[in-house]
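Welcome! Take a moment to turn the model around on your screen before reading on.

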Amino acid sequence: MRGRSFKLPPPVKLSTTEDTEDSEGKPHEKAFLRVFRVLCGGEFAGRVVPLKDHPHRRFNPLRQEWVLVSPHRNDRPWQGHVDPPPSDDAPVFDPSCYLCPGNERAQGVRNPRYTSTFAFDNDFPALMKTTPAFASSGSDLLVARAERGVCRVVCFSPRHDLTLARMETSALRAVVDMWMAEYQSLAALPWVQYAIVFENRGPMMGASNPHPHGQIWATETIPNEPAREQDAFARHRATHGECLLCAYAGLETRLAERIVCENDAFLAVVPFWAVWPFETLLFSRRHIGSLHELHDAERDALADVLRRLFTRYDNLFEAPFPYSMGFHQQPIHQPADGDWHLHAHVYPPLMRSATIRKWIVGFELLGSPQRDLTPEAAASRLQEVSERHYSLRATQGVAR
Ligand code: H2U
Ligand code: ZN
């Protein structure tokens, strides 16, 4: 193959049958997404080549970029950085924690003795409501503009020792309700264009505190990532006449290869174009743009799928799994029937164990993102583990 170049296969007519090939020897949908037919001449001509055996690129239609997949490289030796094992033994209440109920925060404000969820204005906000409008002038190369915003901290539980994976589904439902209420009050500010509900979990992802918490940042412009997705949704609708994620949900449901967990309202998959080894994409089955459009049963379903997904993550290496996760919702002042499809990205850094992480460096910083483990293999690892949290193993009969 050396020296010869691959051409991208032309669009393939999709079929819902599960046969590998039709009567003319053309790959059906199921086979196509696992393998591709080599179109160039030479030793592989006409053969069906499994994607898991050869380096290849996959296209991320949401970010409009390619990821390099190098499955043969998964077993390379590792003599590099090893992180300390994540701690799993936090106390229920920590008198020195800034987020525990009744404690004083770093700027002197005292938390209420909250019993469910609790949200407050970040004492060290990255953005402020009061920033005056200004813009640079004089050069197209030295461009700066003021940005106003609001930063909220959201505590998921009064219990210092819990994580989303270890909370009851009913307590997770309270978190969903808090996210929605917080989002609604930020969306009511006329100048706010976008708000991201997110969680940085674990010291490996830069979380400053082990207490279960997340953040919400609202901004007066649409940040880079959702702006890119907005463009992708609009382009896909214009060229295909359908929603990008509705179409993708249909494909993943039919193929049933990369689904990690699902319920009536949500689907969590390792996306075909995942960059992080165990990255997942969680999205609503219904075409809605925002959390506030979820019906009551769908809010319960979101709590259910989050608990199950994060439990699978924790069970993978039997340790609290670090990640950054957050929701991408349609920009705030857009009609509700637009192109946007509600989803969340979960980006966990772990690669081979609880102490060896993936680094985005070298070619990935300078060229394109790259992964070793195939998304299908990662999905299969996440499918194999239980939805009962490892910490409950000794406690028989605990109902969730
Ligand atoms: P992270 O763990 O993702 O850093 O979020 C914690 C946030 O909590 C962080 O942004 C804020 C930090 O500014 N914080 C307060 O607002 N008050 C405090 O007393 C401690 C931390
Ligand atoms: Zn705490």
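## An enclosed space

Let's begin inside the protein: the largest cavity is lined by Thr163, Leu164, Ala165, Arg201, Phe310, Asp314, Phe321 and Tyr323. Keep in mind as you explore that this is a predicted model.

What kinds of residues make up this lining? Five are nonpolar, one is polar and two are charged. The space in the largest cavity comes to about 30 Å³, and the count of cavities of 30 Å³ or more is one.

## The zinc site

Now find the zinc ion (ligand 2). Which protein atoms act as its donors? They are SG of Cys97, SG of Cys100, ND1 of His160 and ND1 of His211, at 2.0 to 2.3 Å from the zinc ion. Along the sequence, these donor residues follow the spacing C-x2-C-x59-H-x50-H.

The angles among the four donor atoms run from 103 to 116°, and the site is tetrahedral. For four tetrahedral donors, the ideal angle at a metal is 109.5 degrees.

Are the two cysteines buried or exposed? Cys97 counts as buried because its relative accessibility is 4%, under the 20% cut-off. Cys100 is buried too, because its relative accessibility is 0%.

## Around ligand 1

Next, move over to ligand 1. There are 14 residues around ligand 1, and those that come nearest are Ala106, Asn122, Asp123, Ser208 and His213.

Where can you spot polar contacts here? Try Asn122 to start: one of its polar side-chain atoms is 2.7 Å from an oxygen atom of ligand 1. His213 also places a polar side-chain atom 2.7 Å from an oxygen atom of the ligand. With Ser208, the backbone takes part: a polar backbone atom of Ser208 lies 2.8 Å from an oxygen atom of ligand 1.

Key
Residues numbered from 1 in each chain as written. Chains lettered and ligands numbered in written order. Predicted model: local features only at pLDDT ≥ 70, side-chain atom pairs only at ≥ 80, totals over all residues. Heavy atoms only, no water. Donors = N, O, S within 2.8 Å, 3.2 Å for Na, K, Ca; no water. Tetrahedral: all angles 85-135°; square planar, octahedral: opposite > 155°, others 65-115°. Buried < 20%, exposed > 50% of the residue type's maximum accessible area, 1.4 Å probe, protein only. 1 Å grid on protein atoms, 1.4 Å probe; cavity = no way out; pocket = protein on both sides within 12 Å on 5 of 7 lines; lining within 4 Å. Points joined across faces, edges and corners; volume = space filled by probe spheres on them. Nonpolar A, V, L, I, M, F, W, Y, C, P; charged D, E, K, R; others polar. Near = heavy atom within 4 Å. Polar contact = N/O pair within 3.5 Å; in protein donor to acceptor, adjacent residues only side chain to side chain.
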